[in-house]
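Hi,

I'm passing on a structure that you haven't worked with before. Have a look at it first, and then read on for what turned up in it.

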Amino acid sequence: MTLPLIEAAAHGGPFAVPPNLIVIHSMEAPIKAGLARSLAGPNFFGKPPSAGGPGTSVHRLWDPAEGIQGVPNDHIAYHCGAPGNARSEGDEHCGYTAYSRAQWITPDGLAMLRRSATHIASRCAERGIPVRWLSLAQVAKAADTRRPQDGGLCTHNDIAQALGGTTHTDPGAGFPYDLYLGYARDATGGDVPLTDTDKAWITGALNQATNRAVSARYDTGAATIREFLKSWPAARAALNPQALASAVATALPAGSSQLTAADIEAALLAVLGDAPEAGTDGSG
Ligand SMILES: [Zn+2]
């Protein structure tokens with residue numbers, strides 16, 4: 001997938017060794033369409049110090065509307081210090097390190113993350129990098145061996161903790177690591193996609209639990225349940241769909257007229273009683 005290129009002046013030239021890490025960042029800016037383009041290239045990321053810029057750059061910038069390429073994939077970008085820069089491709093996202101999960105998973109936030117994660121999956125495929133979150137030990141190992149099969153996804157904070165050369169802590173504990181990985185795995189075909197039958201029983205569960213006339217609530221709920229189930233493939237495999245549908249309906253607040261994503265999340269946690277297998281130990 002080719003993204004519009006708004007090329008940064010600040011970069012480190014061609015990679016000497018192919019990178020095996022994908023570093024996820026937050027820009028410390030609101031989730032807003034048009035922001036990626038407005039910050040790319042000569043505008044902020046990529047503006048050299050001689051022109052009053054920060055001297056930073058990044059491979060890709062993401063907002064709810066589009067992704068922009070700031071540094072070509074075969075060049076080193078200045079996004080996470082040394083030694084991380086020479087070992088990674090970087091992705092900046094609208095959003096703040098201090099965001100809660102709820103602030104990340106707005107419709108705009110999810111649109112941005114899905115687009116980014118889908119693209120990341122193709123970057124991993126091209127470089128032979130597994131689509132997974134790395135532990136700090138795995139980040140250190142990947143940086144040491146530089147083998148594609150030891151690589152994966154990590155955060156700017158993980159780079160700071162495992163490799164040093166930077167002190168940033170983004171994208172923060174509220175970033176939806178499970179959903180992001182689910183999107184990326186969807187794009188690789190590595191997860192089990194939801195079938196029409198799956199969607200039908202999820203729909204049925206929500207219809208039991210909510211007044212079906214409230215379509216906005218219903219759509220939010222269906223999307224939330226889908227994303228949760230994608231990040232729990234093991235749980236899904238063991239599910240009895242009718243039993244889960246019924247249990248979710250029972251767990252949701254009775255007669256709620258303002259069903260939220262948090263309500264559905266709580267209901268799913270109550271029903272499934274399991275943690276997502278996705279995660280990162282360096283997200284704080
Ligand atoms: Zn960062």
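One term before the rest: two strands count as paired when DSSP finds at least two bridges between them. Also keep in mind that this is a predicted model.

**Overall picture**

The protein has eleven helices and five strands. It runs to 284 residues, of which 46% count as buried. If you take the contacts between residues at least 6 apart in sequence, 70% of them join residues at least 24 apart.

**Strand S1 and its partners**

A good place to start is S1, which covers residues 21–26. Six of its six residues are buried. Leu 21, Val 23 and His 25 point one way, while Ile 22, Ile 24 and Ser 26 point the other way. That fits the general rule that side chains in a regular strand alternate between the two faces of the sheet.

Which strands does S1 pair with? One is S4 (residues 88–93), in the parallel sense and over six bridges. Within that pairing, Ser 26 has His 93 as its bridge partner. Another is S5 (residues 152–155), again parallel, over four bridges. There, Val 23 stands opposite Cys 154.

**The nonpolar core**

The largest nonpolar core has 53 residues. Which of them touch the most other members? They are Ile 22, Leu 61, Ala 117, Val 139, Cys 154, Tyr 180 and Ala 184. S1, H1, S2, H3 (107–127), H4, S5, H5 and H6 each give two or more residues to this core.

Ile 22 is worth clicking on. Leaving out residues up to four places away in sequence, its contacts include Ser 88, Glu 89 and Asp 91. Ile 120, Arg 123, Cys 124, Ile 129 and Leu 153 are also among the residues that Ile 22 touches.

**Two helices to compare by eye**

Helix H6 spans residues 177–188. From its first C-alpha to its last, the helix reaches 17 Å, close to the 16 Å expected at 1.5 Å a residue. Is H6 mostly covered or mostly open? Mostly covered: ten of its twelve residues are buried. Among them are Tyr 177, Leu 181, Arg 185 and Ala 187, and the core members Tyr 180 and Ala 184 are also on that list.

H4 (136–145) is the other helix to look at. Its buried residues are Gln 138, Val 139, Ala 142 and Ala 143. Looking down the axis of H4, these fall within an arc of 135°, so they line one face of the helix. An α-helix has 3.6 residues a turn, so residues three or four places apart point the same way. On the other side of H4, Ala 137, Asp 144 and Thr 145 are exposed. What do the buried residues of H4 pack against? The answer is S1, S5 and H5.

**Backbone oddities**

Right after H4 comes Arg 146, whose phi is positive, near 60°. This residue lies in the loop between H4 and S5. Arg 146 counts as partly exposed because it has 17 C-beta neighbours inside 10 Å.

Glu 28 also has a positive phi, near 60°, although it is not a glycine. You'll find Glu 28 in the loop between S1 and H1 (35–39). With 16 other C-beta atoms within 10 Å, Glu 28 is partly exposed.

There are cis peptide bonds to check as well. One runs from Ala 82 to Pro 83, with omega near 15°, and Pro 83 sits in the loop between S3 (67–69) and S4. Another joins Asp 170 and Pro 171, with omega about 5°. Pro 171 is in the loop between H5 (156–162) and H6.

**A buried aspartate**

Last, take a look at Asp 63, in the loop between S2 (60–62) and S3. Is this residue buried or exposed? Buried: Asp 63 has 28 other C-beta atoms within 10 Å, and the cut-off for buried is 20 or more. Asp 63 and Leu 35 are 28 residues apart in sequence but 6.2 Å apart in space, C-alpha to C-alpha. Besides Leu 35, Asp 63 touches Lys 32, Ala 33, Gly 34, Ala 36, Cys 94 and Met 112, with residues up to four places away in sequence not counted.

Cheers

How values were computed
Residues numbered from 1 in each chain as written. Predicted model: local features only at pLDDT ≥ 70, side-chain atom pairs only at ≥ 80, totals over all residues. Expected span 1.5 Å × (residues − 1). Contact = placed C-beta atoms within 7 Å. Core = buried A, V, L, I, M, F, W, Y, C linked by C-beta atoms within 7 Å. Arc of directions from axis to C-beta.
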